[in-house]
Amino acid sequence: DYIELMVSKNSQDNKEEWMRQKKVSTQLCGLAKTENILIFTATQTNRDGLGGGGSKHEKQDSGGGGELIGLNKVSESYGKLMPVDYCVSINQNQDEYNQDIPIYRLYIIKNRNGQKEQTIRVRVNYSNMNVKQDDFT
């Protein structure tokens with residue numbers, strides 16, 4: 001689920017929205033390590049994440065796909081991404097959406113154990129949500 005919808009197990013952590021999100025993220029990372037499991041969650045972008053309010057400091061896709069959603073576009077609390085090991089944004093412009101087989105640009109925002117700031121292009125079939133990497137030749 002969205003981190004924004006979860007609450008901390010400690011009620012004191014839930015008083016401030018930004019602190020609650022950071023604590024929930026930290027607790028989820030701890031749970032994943034303790035149980036040796038992989039946890040996926042989602043978060044929303046801020047209003048600039050919709051393509052508006054761009055600045056000269058925003059990351060552009062070197063493949064020509066346009067603006068990428070980075071850490072500066074996370075809503076509510078940047079702190080919720082501090083404890084995570086891996087963070088990916090899903091990016092798609094109107095041209096990519098309108099193709100016969102639409103394209104996503106998966107942008108690796110954060111990777112504690114490997115390469116980051118890399119874009120991986122994949123094709124998506126919306127009828128079954130099958131996503132696969134393509135050679136794009």
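Guide: Ala, Val, Leu, Ile, Met, Phe, Trp, Tyr, Cys and Pro count as nonpolar, Asp, Glu, Lys and Arg as charged, and the others, including Gly, as polar. By these classes, the lining of the largest pocket has 23 nonpolar, 13 polar and five charged residues. The model is predicted: local features need pLDDT of at least 70 and side-chain atom pairs 80 or more, while totals for chains, interfaces and linings use all residues. Residues are numbered from 1 along each chain, and side-chain values use heavy atoms, without hydrogens and water.

Visitor: What makes a residue part of the lining of the largest pocket?

Guide: A pocket is an open set of points on a 1 Å grid over the protein atoms alone, where a 1.4 Å probe fits, with protein on both sides within 12 Å along at least five of seven lines; a lining residue has an atom within 4 Å of a point. Here 41 residues line the largest pocket, and Thr 41, Ala 42, Tyr 86, Cys 87 and Val 88 lie nearest its centre.

Visitor: Which strand gives the largest share of that lining?

Guide: Strand S3 gives six residues, the largest share. Strands are DSSP runs of E, at least two residues long, numbered from the N terminus.

Visitor: How do you know that S5 and S6 pair?

Guide: Pairing requires at least two DSSP bridges. Four bridges join S5 (residues 118-125) to S6 (residues 130-133), so these antiparallel strands qualify. One of the bridges links Arg 123 with Lys 132 in S6.

Visitor: Why do S3 and S6 stand at the edges of the sheet?

Guide: The open sheet has the order S3-S4-S5-S6, with antiparallel pairing. S3 and S6 each have a single partner strand, so one side of each lacks a neighbour in the sheet.
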